[in-house]
Amino acid sequence: MPVGIVLSALVLAVQMLSGGGLAAVLWFAAISIINCARLALAAAQPDISGSGPRPVSARLTLYGALALVSGIAWSFLAVLAHGFTTAQAPLYLIVLAGLSAGSVTYSASYAPAALNFMTLPLLAAAGCVLAKGGIENDILAFTVLLFLAGMVRSALIGQARFRETSRLKYEAREFAAEMERNSRRDPLTNLLNRYGLEQAIGRLGLSDGPFVAMLIDLDGFKSVNDTYGHNIGDDLLVKVARRIETHAPQGATIARIGGDEFVLLFPACQSAPATDALASTLIAAIAQPDPALNSVRVGASIGIYVSDRPRLTEMLLRADFALYAAKRKGRNEHCMFDAGLDHALERKHHIERDLRGACEAGALCSWFQPLVRLDTNAVVGFEALLRWRHPIHGPISPPEIVTAARETGLLPLLSETVFRNCCAMIEELVKTGRRDVRVAMNLSPRELEAGNVDDMILDTLKARNVPAAMLEIEITEEAPVDRDRVDEKVGRLADAGISIVLDDFGTGFSTLVALKDSRIRKIKIDKHFVRDLAKSVEDQALVKTVIDLGRALGIEVMAEGVETDADRLILRSLDCMVAQGFLFSPALPAPEALAFQAARSSNSLAEALLDPASRRKPQSGSAA
């Protein structure tokens, strides 16, 4: 249109120079008015959001009508040029050709704009040229009509391509928008997922807080999937989501961030008792019996954290810590993250952060608790126990160390550290000629299952030339996921001559079944049955049964946790031959443990020399 205005001005100038008059001025004025209206219509950007395609269609129709009016005005150029018979006619035809090309170029998105604009002027030009007669004018008229046909075809093809391109772009935008929406939503429950929760929290400000974050985890959900299948499990998750929505405060943000984990986030405009009441209400709603689940009851545990700042990672971390504190209390419980849990979480983080450095620096070491024969008081073995004095939190218990190693992926390093300490202890015993004393280390089935600890043990024994017969592996009765893999590794260790001991006997899984394993050479009665044994007739009966069972199967039985002389005497009367506990000695650093063993050996030898019965039967004082 700007080019059209310039060309119309050029036509006016030519007309005025050639003696044109008022008609040329009126023509130019009409062309200018129409072009200004078209420019104003093109420049206007009305709001069409939510109105569908109708406003666009109406504007295009008006735009096409104005193009038609402009084309009619340009048709009058034939009148100004007296049927294109004046000397300026070639120039006017060139102007019409330029306008036609420009209209096709700039109107490819809407063909009627070009066709309405140029069809009448070109037809008028072709008719005028044809009316003059002569072969040249006939050819020129045919050329104009051919040009018009090409222009019509080009406009229609351009419009079709533009519409197809626009459709593809629109569908791509819609698909991208749908993908964006889906990326924020859990497809099963239609709640927000973790990414959607992050975006929702990112839009919150400090002025909206403080905030309550509730992390809800279902109790017993795995049994639903295992018993009824995943379809029923999915239906239950949808029901739980709707129950949470029903009881959630107005304006709360709800998300499903894991298989059976939900997050409820809302401003803490209520008091702490109200928050506790809401948690209890949610637990009661989720725990309602489901008619589709006859043999499985599902509950919920909730961890609660109140924060001034809307930070997802911090809120979920602390709510998760409170959740596991709730689970330790049992099913259908909730727990608020408080100062005590904050201290425990800080302790956990410090332990996990510093564990690798402690292993590498030797700060995490093994102490050795003696195993003593009850008939001779001789030391017949040691159990390696983890010891670590943290620079901030002081002594760290072995279960905390093992848990931290498991969660940080350092369990192989921890097992290797303990094993090398055991090898060093065995080497010291070999130097003193005590090859009859064994050193035990603890391994869980999960450790055997997860890594190549069996290769590490066997390779190190061979490399350091450590007698395999002096090493014992105490395996706790923890249920492994891949029992065949664990059995294979235990078999390799047993075949190498390492003694396999069943630890914590009586507290784990499938205890009697484990005794059928011919690789088990010793069982250790758990301290819970031994402590205060002299005061419990029931525990004495159980211990006696285990000892008799072990004797019948050819398995050595020992006891741990002996703390009083009365318990020692009872164990001795029950024919238990080996025990450990604070009555004899706590765990000691390696040098002190070796000194304790040497002192016990000297005392046992002196007692044997002084006891006439021992001189007559020296075999009764031999170490096991």
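Colleague: How many disulfides does the count come to?
Modeller: A disulfide is taken as a pair of cysteine sulfur atoms within 2.5 Å. Cys423 is in no disulfide, and the nearest cysteine sulfur, that of Cys422, is 7.1 Å away. By this rule the count of disulfides comes to zero.

Colleague: On what basis do these values rest?
Modeller: This is a predicted model, in which local features need pLDDT of at least 70 and side-chain atom pairs count only at pLDDT 80 or more, while totals for chains, interfaces and linings use all residues. Residues are numbered from 1 along each chain as its sequence is written, and side-chain values use heavy atoms, with hydrogens and water left out.

Colleague: Is Cys423 buried or exposed?
Modeller: Buried means under 20% relative accessible area, exposed over 50%, and partly exposed in between, with a 1.4 Å probe and protein chains only. Cys423 has a relative accessibility of 0%. Cys423 therefore counts as buried.

Colleague: Is Cys359 buried or exposed?
Modeller: The relative accessible area of Cys359 is 10%. Because of this value, Cys359 is buried.

Colleague: Which residue in S4 stands opposite Ala213?
Modeller: Strands here are DSSP runs of E with at least two residues, numbered from the N terminus, and two strands pair if DSSP finds at least two bridges between them. Strand S1 (residues 211-219) and strand S4 (residues 299-307) run antiparallel and are joined by nine bridges. Opposite Ala213 in S4 stands Tyr305.

Colleague: Which strands stand at the edges of the sheet?
Modeller: The open sheet has five strands with mixed pairing, in the order S2-S3-S1-S4-S5. Each edge strand has a single partner strand, so one side of each is left without a neighbour in the sheet. The edge strands are S2 (253-256) and S5 (334-336).

Terms used: Helix = DSSP H or I, 4+ residues; strand = E, 2+ residues; numbered from the N terminus.
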